[in-house]
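Here is a friendly briefing for anyone opening this structure for the first time. Have a look at the sequence and the model, then follow the notes below.

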Amino acid sequence: MSHNLNIDKLDLQIISEMMTNAEISYADLGKKLFVSGGTIHVRMKKLQELGIVKGTKLHVDLKMIGYDVIAFIGIYLEKSSLYDGVARELRKIPEIVRLNYTTGSYSMWAEIICKDITQLRRVLHDELQKIKGIERTETFISLEESFTRTINVVE
């Protein structure tokens, strides 16, 4: 357990439940965990202040609203010392939804969501390839997302 952050089993149970269903009311969550809704509220505020909880997100089926292409881009940098500057530039591309600094073959790994292949080509050719410090890229198009899940944080 994370003693340096002063979180306990109840905090982890709250996190676990909220990761599964962020729409649950504090009162209902309190009943489920055998504490008051006020306790849940106080704990959530603490978790937010600690930076552990960073908000909630709406899960949307992007294909249903016209975003048909999910791709992953392995990015080779000219030098690893260029990471921060390249990351700042990549942040400006709204189609890039996730970026990781990695070990292995690539310096960076990006996830990109586009409406179609034409948009993907535009982002790759007109934006990404022009960023100073990127040596080259490899693009992998996702054919299907088989599953996505959260981790179990309760021991």
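Lys45 and Glu49 form a salt bridge, and their closest N and O atoms are 3.9 Å apart. Both sit in helix H3, and because four residues lie from one to the other, about one helical turn separates them. Please keep in mind that this is a predicted model, so every distance and angle here is computed from predicted coordinates.

**Salt bridges**

- How exposed are the two partners in H3? Lys45 counts as partly exposed, at 44% relative accessibility, while Glu49 reaches 62% and counts as exposed.
- The structure holds ten salt bridges, including the one between Lys45 and Glu49.
- Another joins Lys92 to Glu89, where the closest N and O atoms are 3.0 Å apart.
- Within that pair, Lys92 is exposed at 58% relative accessibility, and Glu89 is partly exposed at 34%.
- Glu95 pairs with Arg122, and here the closest N and O atoms are 2.9 Å apart.
- This pair links distant parts of the chain: Glu95 belongs to the loop between H4 and S2, Arg122 belongs to helix H5, and the two are 27 residues apart.
- Is Glu95 buried or exposed? Its relative accessibility is 9%, so Glu95 counts as buried.
- Its partner Arg122 is partly exposed, with a relative accessible area of 32%.
- Salt bridges also link Asp8, Asp11, Arg43 and Lys46 into a network.

**Domains**

- The domain assignment of the chain gives two entries: domain 1 covers residues 9-50, and domain 2 covers residues 62-142.
- How many Å separate the centres of domain 1 and domain 2? Taken over C-alpha atoms, the separation is 36 Å.

**Strands and their pairing**

- Strand S3, residues 108-114, has six of its seven residues buried, so the rest of the structure largely encloses this strand.
- S1 and S3 run antiparallel and are joined by seven bridges.
- Across that pairing, Ile73 stands opposite Ala110 in S3.
- S3 also pairs with strand S2, residues 96-101; these two run antiparallel as well, with five bridges between them.
- Which residue in S3 is the bridge partner of Ile96? The partner is Ile112.
- S2 and S3 form a hairpin with six residues between the strands, and Gly104 in this hairpin takes a positive phi near 95°.

**The nonpolar core**

- The largest nonpolar core has 21 residues, and those with the most contacts inside it are Ile75, Leu90, Met108, Ile112 and Ile134.
- At least two residues of this core come from each of S1, helix H4 (83-91), S3 and helix H5 (117-127).
- Which element supplies the largest share of this core? That is S1, with five residues.
- As a general background note, nonpolar side chains tend to be buried together in soluble globular proteins.
- Ile112 therefore appears twice in this briefing: as the bridge partner of Ile96 and among the core residues with the most contacts, a core made of buried residues by definition.

**A nonpolar patch on the surface**

- Nonpolar side chains are also found on the surface, where Leu58, Val60, Met64 and Ile65 form a patch with about 480 Å² of accessible area together.
- Leu58, one of the patch residues, has its place in the loop between helix H3 (37-49) and strand S1 (69-77).
- With 70% relative accessibility, Leu58 counts as exposed.

**Two further places to look**

- Phe34 lies in the loop between helix H2 (26-33) and H3.
- The phi of Phe34 is near 65°, a positive value in a residue other than glycine.
- Is Phe34 buried or exposed? At 76% relative accessibility, Phe34 counts as exposed.
- Val153 lies in the segment after strand S4 (134-141), and Val153 is partly exposed, with a relative accessible area of 22%.
- In sequence, Val153 and Met19 are 134 residues apart, while in space they are 9.7 Å apart, C-alpha to C-alpha.

Key:
Residues are numbered from 1 along each chain as its sequence is written. This is a predicted model: local features need pLDDT of at least 70, side-chain atom pairs count only at pLDDT 80 or more; totals for chains, interfaces and linings use all residues. Side-chain values use heavy atoms; hydrogens and water are left out. Domain bounds come from an automatic or database domain assignment. Patches are made of residues with over 30% relative accessible area and no salt bridge: like charges are joined within 9 Å, nonpolar side chains (Val, Leu, Ile, Met, Phe, Trp, Tyr) within 5 Å. Accessible areas come from the Shrake-Rupley method with a 1.4 Å probe; for residues, only the protein chains shown count as cover. A salt bridge is a side-chain nitrogen of Lys or Arg within 4 Å of a carboxyl oxygen of Asp or Glu. Buried means under 20% relative accessible area, exposed over 50%, partly exposed in between (1.4 Å probe, protein chains only). Two strands pair if DSSP finds at least two bridges between them. A nonpolar core is a set of buried Ala, Val, Leu, Ile, Met, Phe, Trp, Tyr and Cys residues joined through side-chain atoms within 4.5 Å.
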